[in-house]
Amino acid sequence: MGPEYDVVIVGGGHNGLVAASYLADKKLKVLVLERLGRVGGAIATDELRPGFLVPYCAHNCHMLHGKIIEDLDLRTHGFDLYPIDPLRFYPFPDGSHLLGWRSEQRFGQEIRRLSAHDADAHVEWLSFWHRAAAIVYRYFLTDPPTFAQIAEDVRGTGDEDVWETMLTVSMRDLVDRFFEDERVRACFINASDAGDPSAPGSILSAAYIHSGSLGKPEDRGLPKGGMGTVAASMAAAAQARGVEIRTGAAVRKVIVEDGQATGVLLDNGEEIRARIVVSNADPKRTYLSLVDSKDLDDAFVRRVRNLKTRANSVKILLALKALPDFSRYLGSGFDPRLIALTRICPSVEWYQASWDACKNGLLSKTPIMFVSCPTVYDRSLAPAGMHVASIWSTYFPTRPKGGSWDSGTKRELFELHMDILSQYAPNFRDCVLDFALETPADMEARIGLTDGSIRHLDQTSGQLFARRMPYRAPINGLYLCGAGTHPGGELTGGPGHNCANAILHDLNVRAVHEPVGGRSRG
């Protein structure tokens, strides 16, 4: 039987949709298969209760690459954003706070209220992070470089010392080096997927997230109509290029014949043949579930099993009857937009304790919370006078030691979050009409993220750039386009873009959208 399609893509997450559009641009016949009844994967909007629309996983758009927005004409397909300013609200237990304004000068003035020394140091801090983020960003839409290649690229430049600092100094040491005030240190501590802020190399993990700040300001913000509109715009862009999308189509396995991927088998027994199979699933799910182990080398399977997926989180979805009251910090009648994105992390020690609990399989008593309240900008997401919010809370183990994620454990964890938030906004608990708490295990079961790893693999120094999984599988005709490949996770579109270029290269089709940033590394 001949192939029905040139390319079949397993999974309709955003990177699968991006790859599909680029491939269809070259007149390839592309089919996207999605197990769920909707596209988008972790980029989705949930209706928590009638009329309350909450971001399921991702809660804002801060890293989607501008080139991809333009190439796919996403704005003509419904993609639109509310620009957020300030970017973050940081309240502290003593009643002080910081507002992370887009304007660096204005943010510096905020810091000066707490510490003149730290306000002056902030200028140098920003300079370091601009350079660190730029080192990561320049490779976003290229083939993944090795660490040696990056070292060669920065040798003899001002970035050489920055690169060495990223690899050898811990985030905790860095914030201590720059800042004196404990609140300012708490504001800037962030080890991202490295987890441990005291670990050398944790700066590199944070630099990946910082790289989103280098895009155009108009490409960052809260999606109008909710996070699901981003996925919908990507699906519409793909369909406009001739891509076929089937939802409710679960793939059981990738068909491999004589070392060549030749199609997929669905759960309903249907076989679909294709010249090329692309998996948007994470590497562990792809190689340990969708591909038969007999088609892979034993050493390769061991490597996949040992990939790190530990820096995980819980997500709490909230329907609110009123706005949380942060007037203690912002005064009566404060502009609600000031609390669109709030971060709760009162100290560096709090952050450290959260990771230490997670790495030992324990439930943190000091969760680091990113609280999003999109209805302060978008009133379409909740009934009149009411709001929705979500809490992205790190770090939590996929499976707690000596226990499980039963309803009692979830309720206790919800109450812990309410106790903490009520210290900042006294009415927070009373505002809640309804909630859902999604654990890493829930995310694994619901949207197929192994261990609930939102970025497919932890973005640590051992799993970034060329140390992430390659686009080309060790099986001819099989590719990966998800967040487990370079450049990595978050809503970026980079893996889908780069995988499509790899496929077009292998098919001897010249990619119109050549990799940005210089030479290709094959």
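**Trp 163 and Phe 465**

I looked up Trp 163 first and found it buried, with a relative accessible area of 4%. Buried here means under 20% relative accessible area, exposed means over 50%, and partly exposed lies in between, with a 1.4 Å probe and protein chains only. The model is predicted, so I note that local features need pLDDT of at least 70, side-chain atom pairs count only at pLDDT 80 or more, and totals for chains, interfaces and linings use all residues. Residues are numbered from 1 along each chain as its sequence is written, and side-chain values use heavy atoms, with hydrogens and water left out.

Next I checked the partner ring, Phe 465, which is buried at 4% relative accessibility. Trp 163 and Phe 465 form an edge-to-face aromatic pair, 6.2 Å centre to centre with 65° between the planes. For the rule, I note that rings of Phe, Tyr and Trp (its six-membered ring) pair if their centres lie within 6.5 Å; planes under 30 degrees apart count as stacked, over 60 as edge-to-face and the rest as tilted. The pair links distant parts of the chain: Trp 163 sits in helix H6 (residues 159–168) and Phe 465 in the loop between H17 and E18, 302 residues apart. Helices (H or I, at least four residues) and strands (E, at least two) are DSSP runs, numbered from the N terminus.

**Other aromatic pairs**

I found 22 aromatic pairs by this rule. In one of them, the rings of Phe 147 and Phe 465 have centres 5.8 Å apart and planes at 80°, so this pair is edge-to-face. Phe 147 belongs to helix H5 (residues 147–154), and 318 residues separate it from Phe 465. Phe 147 is buried, at 13% relative accessible area. I also noted one aromatic cluster formed by Phe 107, Trp 125, Phe 128, Trp 129, Phe 178, Phe 179 and Phe 188.

**H4 against H7**

I then looked at helix H4 (residues 116–137) and helix H7 (residues 171–178), which pack at about 135° with their axes 9 Å apart. Axes are lines fitted to C-alpha atoms, for helices over the stretch in contact, and angles run from 0 to 180 degrees between N-to-C directions. H4 is therefore oblique to H7; angles under 35 degrees count as roughly parallel, over 145 as roughly antiparallel, 65 to 115 as roughly perpendicular and the rest as oblique. Among the H4 residues that meet H7 are Trp 125, Phe 128 and Trp 129, and Phe 178 is one of those on the H7 side. Contact means heavy atoms within 4.5 Å.

**H1 against H10**

Helix H1 (residues 14–25) and helix H10 (residues 228–240) have axes that come within 9 Å and cross at roughly 25°. That makes H1 roughly parallel to H10. On the H1 side I listed His 14, Leu 17, Val 18 and Ser 21, which meet Ala 231, Met 234, Ala 235, Ala 237 and Ala 238 in H10.

**Pro 86**

Which loop holds Pro 86? I found Pro 86 between strand E5 (81–82) and strand E6 (89–91). Pro 86 is buried, with a relative accessible area of 1%. The C-alpha atoms of Pro 86 and Ala 340 are separated by 8.2 Å, with these positions 254 residues apart along the chain. Not counting residues up to four places away in sequence, Pro 86 touches Leu 99, Gly 100, Trp 101, Arg 337 and Leu 338.

**Ser 354**

Last, I located Ser 354 in helix H14 (residues 348–359). Ser 354 is buried, at 0% relative accessible area.
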